Amino acid sequence: MRKTYCGSHEHGYNRRAFLGGALAAGAAAFTDMTQLNSLAHSAMAGELKKQQKRVIMLWLAGGASQLETFDPKPGASTGGPFRSIQTDIPGVRISELMPKMAQRLKHTCIIRSLDTKNGDHGSGAQLMMRGRRNEATINYPDLGAILAREMGRADSKVPDYVSFYTQTEGRGAAPGDPGFLGSRYAPMELTASMMPENLKMLNGITELDHQQRADLRELISKKFSKDRTSVTLGSHNEAYQRVRGLMASEKLFDINQESQSVRDKYGPTQFGEQALVARRLVEAGVPFVRVGRAWWDSHGQNFETHQEMVPELDHVMATLIDDLKERGLLENTMIITLSEFGRTPGINASLGRDHFASAWSTTLTGCGIKGGVCYGKSDAKGERVVEGAMDAGSLFATIYRALGIDPQKEYFIGDRPVPLVNPGVKEVETLLT
């Protein structure tokens with residue numbers, strides 16, 4: 001039977017550290033539930049910026065076209081109608097639909113050589129969220145759950161893993177999944193609103209009422225737990241502490257806390273506003289935020305679809321880079337722009353591009369990744385990789401290494417060691433700072 005807990009030494013240590021620390025810090029840590037937003041400017045936030053890594057993933061659900069974004073082929077029979085433009089990397093050109101990113105690629109690594117061999121929405125999304133395929137007896141955690149486990153803090157007031165996916169198309173194909181790590185590392189999924197449901201205190205309950213109820217619960221809990229040792233009891237107390245912490249994070253999801261000028265930079269689109277919330281969350285210490293933008297599945301009218309959606313992506317990526325850089329966060333925050341696969345070089349009878357996983361593109365920006373790099377190469381028509389082929393495992397190993405996490409690190413399911421990437425998978429060292 002598959003166990004649903006990690007069982008590692010580190011996991012056990014973190015639980016003990018949390019339980020010991022939580023009772024010591026106790027009510028004092030949550031006395032003022034309104035002050036979490038001040039983390040953005042506190043000494044604590046400054047320390048987090050120095051020591052802890054963060055990731056924002058821009059998930060282009062449905063499969064964005066590499067030919068209309070980061071690997072254009074103007075003039076080729078597969079190239080489509082858009083031109084390419086020169087970027088700030090000498091000799092590297094991207095689609096004319098991305099003029100803002102063309103001026104910011106010095107911060108970004110383009111990978112043009114993904115060969116992931118899976119053109120199915122569901123299993124392709126799982127592969128690109130986890131870096132590997134599930135086994136019959138193992139449900140692997142996705143990247144967000146791994147980073148919540150590795151970079152989250154047991155006593156954190158903020159969520160470890162937040163996922164925005166508001167559109168309905170493709171949502172079921174790419175849910176966040178903690179796999180064998182268990183529900184402790186599951187995402188806070190936001191599908192209907194940018195504000196989590198049931199986060200606010202009920203009307204009629206004051207801060208004083210809330211604190212007094214917490215104090216009473218803790219007093220009763222201490223009396224009950226006296227002379228008792230129980231894993232279940234510890235989990236019960238831990239759950240209460242985390243819920244109270246999450247309640248304190250309400251303001252982080254409110255973009256009205258930002259100045260109008262900052263909101264204007266991100267723009268009025270849902271994608272832009274969610275990216276702004278993502279920046280607020282990582283600034284406050286959330287290890288992983290995914291912002292899902294659907295729907296790129298352009299089997300028909302591919303060029304109209306990308307003419308509408310790529311400029312929005314260009315704007316959001318560029319704004320996020322500028323904002324993180326201005327705040328001194330880009331060195332510790334990685335932006336990943338990723339799909340489940342790319343689009344076919346061939347143009348079908350509906351002027352669309354179909355699913356394609358043999359030679360497609362992604363980008364990594366900031367936090368341990370070399371900027372101004374264009375890695376790998378597809379052939380003249382974009383039909384196959386001719387240089388630097390990279391699979392999902394190597395991409396994830398590179399991400400882990402850039403974040404300071406050993407890709408060969410092992411978790412344990414019972415007595416079975418499970419490394420973060422499959423045996424033999426290596427990171428691409430030339431992409432690392």
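**Close-up 1. Cys374 is partly exposed in this predicted model.** The relative accessibility of Cys374 comes to 27%, so the residue falls between the cut-offs of 20% for buried and 50% for exposed. Does a cysteine partner turn up for its sulfur, and if not, how far away is the nearest cysteine sulfur? Cys374 takes part in no disulfide, and the nearest cysteine sulfur belongs to Cys109, 7.8 Å away. A disulfide is a covalent bond between the sulfur atoms of two cysteines. The rule used here asks for sulfur atoms within 2.5 Å, and by this rule the structure has zero disulfides. Another cysteine worth a look is Cys367, which counts as buried because its relative accessibility is 2%.

**Close-up 2. Phe82 and Phe303 form an edge-to-face pair.** A search of the whole structure finds five aromatic pairs, and we start here with Phe82 and Phe303. A pair of aromatic rings is described by the distance of the centres and the angle of the planes. For Phe82 and Phe303 the centres are 6.3 Å apart and the planes meet at 70 degrees, so the pair counts as edge-to-face. Phe82 sits in the loop between β1 (54-61) and β2 (84-86), while Phe303 belongs to helix α10, so the two rings tie together parts that are 221 residues apart in sequence. Are these two residues buried or exposed? Both Phe82 and Phe303 are buried.

**Close-up 3. Tyr161 and Phe288 pair edge-to-face between two strands.** Here the ring centres are 5.2 Å apart, with 85 degrees between the planes. Tyr161 comes from strand β5 (residues 161-164) and Phe288 from strand β7 (residues 288-294), so this pair ties together parts that are 127 residues apart in sequence. Tyr161 and Phe288 are both buried.

**Close-up 4. Tyr140, Phe180 and Tyr411 form one aromatic cluster.** Which residue lies over the face of Tyr140? Take a look at Arg132: it lies over that face, at 3.9 Å from the ring centre.

**Close-up 5. Thr319 is a buried residue of helix α10.** Helix α10 spans residues 302-326 and includes Thr319. With a relative accessible area of 10%, Thr319 is under the 20% cut-off and therefore counts as buried. Which residues does Thr319 contact, once its neighbours within four places in sequence are left aside? They are Lys265 and Tyr266. For Lys265 there is a polar detail to zoom in on: its backbone oxygen lies 3.4 Å from a polar atom of the Thr319 side chain.

**Close-up 6. The loop between β7 and α10 holds Trp295 and Gln301.** Trp295 is placed in this loop, and the peptide bond leading to Trp295 from Ala294 is cis, with omega near 15 degrees. Gln301 is found in the loop between β7 and α10 as well. Although Gln301 is not a glycine, its phi is positive, at about 50 degrees. Gln301 counts as exposed because its relative accessibility is 52%.

**Close-up 7. Leu351 has a positive phi.** Where is Leu351 placed? Leu351 lies in the loop between β9 (342-343) and β10 (355-356). Its phi is near 55 degrees, a positive value in a residue other than glycine.

Methods: Residues numbered from 1 in each chain as written. Predicted model: local features only at pLDDT ≥ 70, side-chain atom pairs only at ≥ 80, totals over all residues. Heavy atoms only, no water. Helix = DSSP H or I, 4+ residues; strand = E, 2+ residues; numbered from the N terminus. Buried < 20%, exposed > 50% of the residue type's maximum accessible area, 1.4 Å probe, protein only. Polar contact = N/O pair within 3.5 Å; in protein donor to acceptor, adjacent residues only side chain to side chain. Contact = heavy atoms within 4.5 Å. Phe/Tyr/Trp six-rings, centres within 6.5 Å; stacked < 30°, edge-to-face > 60°. Lys NZ or Arg CZ within 6 Å of the ring centre and 35° of its normal.
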